Amino acid sequence: MIKVNVKKKLKGYKGDFTLDVDFELEKGKFLSVFGKSGHGKTTLLRIIAGLEKPDEGYIEFNGKVYFDSNKKINLPPQKRNVGFVFQDFALFPNMTVYENLAFVNRNERNINEILKKLEIYELKDRYPSTLSGGQKQRVALGRALIRNPEILLLDEPLSALDESIRLKLQDEIKKLHNEYGLTSILVSHDKKEVFKLADRVFVLENGKIIKQGTPRDIFIEKDISGKFSFYGQVIDIRPAGIVNIATIDINDNLVEVVVGNDVKIGDSVLVGVKGFNPVVKVISLL
Amino acid sequence: MDISNIDWIPFWLSLKLAVMTTVILVFIGIPVAYFLSYKNFKFKTFLEALFSLPLILPPTVLGFYLLLLMGKNGWLGKIWEKLAGHQLAFHFEGLVFASIVFSFPFMVYPLISGFKSVPKNIIEASYTLGKSKVETLFKVILPNMKPAILTGITLSFAHTIGEFGVVLMVGGSIDGQTKVVSIAIYEAVEQLDYSTAHIYSIVLVVFSFLTLLILYLLNKKFEVKI
């Protein structure tokens, strides 16, 4: 069980605000902190890891106090058993893939096992500068896991990667989370990713948790009765007689839908279907 | 003039002085640059300005104050005389001390830019992986700023070899003690002994060029891709 209750004043680009969160996370859960950038998501993760100090509050990991402003306890990151995966990988450029892991834990069998599991065993003697983004992030994941962390903190780990690699690594992260019985917190602004990985979501806005629940609770709005709905963005509107036809981008699928006058280009919209049952057909993607 | 009559001791002194100065400066420079790069404290700007002084002061000004400090009546001179039994000024140790002060910014400033060039997140990654600040310094930070370390070493070494004014002020020109090659050249010219001056100078030019060449070649090799 992880308990976090912290406050910290932050400077946002739209003015100062206070990060103020209070939550508990059970062992084995996958939590996602979702929200736009500049609302304190990464800071929250850094506070949990001990890289930043909250103004006040309390952090406890499985009965061990990591931070307590009343008792003036503040364990440095070294003493907190966390695995942190950075957005831009943060691999040690002076060490090979193998050495990046061995720096943490010299157990050769563990290193080889985890390298094989992440399918990067063949790259073990390569330096990070010679790897692709996806490969780098696999190394970073392996390095974070080799210490058997009590919690895995993922700070937008896949946002620097191509879509196809991102999808594959999402599967890998999910697999590792389950296999190692990890407790994980993922910071992300990608709904698909959160939906796929998390079993619990916080929406963070101006430092506060404004919504929480399962991804289903959060992302599927209840005011549409049809079960079939998608988020999309209006990229074009053209008049067609007395109605307007909008071109909407739903995760790279473009659809044309008749809309009213209240929809503008650039709007985020929920496209739903009412009144008939959608047909689902299995297709094979290239 | 026969080349076998040349007194090579000034070269040996210059080399010894430069090597000792550089080695000591590496050990002083790394912690100083580390704190100036990563810590924020009250007198930081004050210290930065102070450490840059040797860059703009004429060597004679620096040498003059160092002479007062290290002379018989200077506090450092007094302490040294008690400890070592002889004066600090006009001795080789005095030259080493003066060179350290004189070459200090040439070591510290390259190191500071080196420290600042190391991405913050690899340092933080090391901390979250349980590594102490000291281990992170030696295994993550320093290995990823080798070119900066090498630049600091090169500049300090070259600057000490080429030093003249400060050495003359605090060391005088004592054979086998403080008469380094730059001073030996000056003296030879003063005595119109141009052939000796020529030999000293050309050896110094070739030596300096080779040293720099080797260091720059090494620097290429050390460049770390991030």
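**Exercise 1.** Among contacts in chain B between residues at least 6 apart in sequence, find what percentage joins residues at least 24 apart.

*Solution.* Step 1: the model is a predicted one, and a contact requires heavy atoms within 4.5 Å. Step 2: keep the pairs in chain B that are at least 6 apart in sequence; 72% of these contacts join residues at least 24 apart. Step 3: set this beside the secondary structure, which consists of 11 helices and 0 strands in chain B.

**Exercise 2.** Describe the extent, burial and surface of chain B: what box do its C-alpha atoms fill, what percentage of its residues is buried, and what area does chain B expose?

*Solution.* Step 1: along the principal axes, the box is roughly 65 × 45 × 30 Å. Step 2: buried means under 20% relative accessible area, and 45% of the 226 residues of chain B meet that criterion. Step 3: the exposed area of chain B is about 11800 Å², with 71% of it supplied by carbon and sulfur atoms.

**Exercise 3.** How far apart are the mean positions of the positive and negative charges of chain B?

*Solution.* Average the positions of the 17 positive charges, then those of the 13 negative charges; the two means lie 18 Å apart.

**Exercise 4.** Check the span of helix 5 of chain A, then locate its packing partners.

*Solution.* Step 1: helix 5 covers residues 163-179, so at 1.5 Å a residue its 17 residues should span 24 Å; the end C-alpha atoms are 24 Å apart, in agreement. Step 2: list buried positions, among them A:Leu169, A:Ile173 and A:Leu176. Step 3: an α-helix has 3.6 residues a turn, so residues three or four places apart point the same way. Step 4: the partners of the buried residues include helix 3 (108-117), helix 4 (133-145) and strand 8 (151-155) of chain A. Step 5: after helix 5 comes A:Gly181, with a positive phi near 60 degrees.

Technical notes:
Residues numbered from 1 in each chain as written. Chains lettered and ligands numbered in written order. Predicted model: local features only at pLDDT ≥ 70, side-chain atom pairs only at ≥ 80, totals over all residues. Heavy atoms only, no water. Helix = DSSP H or I, 4+ residues; strand = E, 2+ residues; numbered from the N terminus. Buried < 20%, exposed > 50% of the residue type's maximum accessible area, 1.4 Å probe, protein only. Areas by Shrake-Rupley, 256 points an atom, 1.4 Å probe, with all protein chains shown as cover. Lys, Arg positive; Asp, Glu negative; His and termini not counted. Charge placed at Lys NZ, Arg CZ, Asp CG, Glu CD. Expected span 1.5 Å × (residues − 1).
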